[in-house]
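Reader: I am new to this structure and should be grateful for a guided introduction. May we proceed by question and answer?

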Amino acid sequence: MSTKYETGNVVTGKVTGIQPYGAFVALDENTQGLVHISEITHGFVKDVNEHLSVGDEVNVKVLSVDEAAGKISLSIRATEEPPAEEPKAAAAAKKPKRRQGSVKPAAAAESAPTGFNTLKDKLEEWIEQSERQDLIKK
């Protein structure tokens with residue numbers, strides 16, 4: 001493996017292979033690295049083939065070089081500007097709508113406990129229930 005590639009360098013390479021987990025990029029005749037699927041572009045990538053094809057020339061940033069294992073980690077995403085923030089109105093429109101719940105009568109609301117109960121409280125309640133004769137199955 002050539003030591004001319006250092007972490008942080010931005011170089012041009014050619015896509016030589018595509019796998020479900022990323023793309024292999026040839027940096028020169030003897031050196032190849034991997035662009036993991038998470039480093040292809042900003043945002044979610046479901047299929048590498050939707051973004052890259054074998055033979056594409058791409059700018060990549062060297063993320064790490066492992067001389068012992070002979071591996072170079074690359075990123076296309078690191079060479080691109082992140083997408084601009086969405087306007088707040090557009091972001092608010094994408095938020096899921098809250099479902100409306102039904103209002104229970106006051107009598108039903110008082111009898112049913114609400115909120116978070118700790119395990120200790122529930123355990124005490126379960127022990128009491130287990131000792132009640134009217135709840136014991138015969």
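**Strands, a helix and a surface patch**

Author: In this predicted model, Q19 touches F24 and V48, not counting residues up to four places away in sequence.

Reader: How many residues apart in sequence are Q19 and V48?

Author: Q19 has V48 among its contacts once residues up to four places away are set aside. From C-alpha to C-alpha, the two are 7.5 Å apart in space. Along the sequence, the separation of Q19 and V48 is 29 residues.

Reader: Which residue stands opposite Q19 in strand 2?

Author: Q19 has its place in strand 1. Strand 1 and strand 2, which covers residues 22–26, form a hairpin with two residues between them. These strands pair in the antiparallel sense over five bridges. Opposite Q19 in strand 2 stands G22.

Reader: Is Q19 buried, partly exposed or exposed?

Author: The relative accessible area of Q19 is 34%. Buried requires a value under 20% and exposed a value over 50%. Because 34% lies between these limits, Q19 is partly exposed.

Reader: Which residue of strand 4 is the bridge partner of K14?

Author: Strand 1 (residues 10–19) pairs with strand 4 (residues 57–66). This pairing is antiparallel and runs over five bridges. Within strand 4, the bridge partner of K14 is E57.

Reader: Is S75 buried or exposed?

Author: S75 is found in strand 5, which covers residues 71–75. Leaving aside neighbours within four places in sequence, S75 is in contact with V35, E39, N59, V60, K61 and L63. Its relative accessibility is 0%, and the cut-off for buried is under 20%. S75 therefore counts as buried.

Reader: Which residue has its backbone nitrogen 2.9 Å from a polar atom of the side chain of S75?

Author: The side chain of S75 supplies one polar atom of this pair. The other atom, at a distance of 2.9 Å, is the backbone nitrogen of A78.

Reader: In which helix does W126 lie, and is this residue buried, partly exposed or exposed?

Author: W126 lies in helix 3, made of residues 119–131. Its relative accessibility is 42%, and the range between 20% and 50% is the one for partly exposed residues. W126 in helix 3 therefore counts as partly exposed.

Reader: What is the area of the nonpolar surface patch that includes W126?

Author: A residue needs over 30% relative accessible area to belong to a patch, and W126 has 42%. Together with L119, L123 and I127, W126 makes a nonpolar surface patch. The area of this patch is about 420 Å².

Terms used
Residues numbered from 1 in each chain as written. Predicted model: local features only at pLDDT ≥ 70, side-chain atom pairs only at ≥ 80, totals over all residues. Heavy atoms only, no water. Pairing = 2+ DSSP bridges. Helix = DSSP H or I, 4+ residues; strand = E, 2+ residues; numbered from the N terminus. Buried < 20%, exposed > 50% of the residue type's maximum accessible area, 1.4 Å probe, protein only. Contact = heavy atoms within 4.5 Å. Patch = residues over 30% accessible without salt bridge, like charges linked within 9 Å, V, L, I, M, F, W, Y side chains within 5 Å. Areas by Shrake-Rupley, 256 points an atom, 1.4 Å probe, with all protein chains shown as cover. Salt bridge = Lys/Arg side-chain N within 4 Å of Asp/Glu carboxyl O. Polar contact = N/O pair within 3.5 Å; in protein donor to acceptor, adjacent residues only side chain to side chain.
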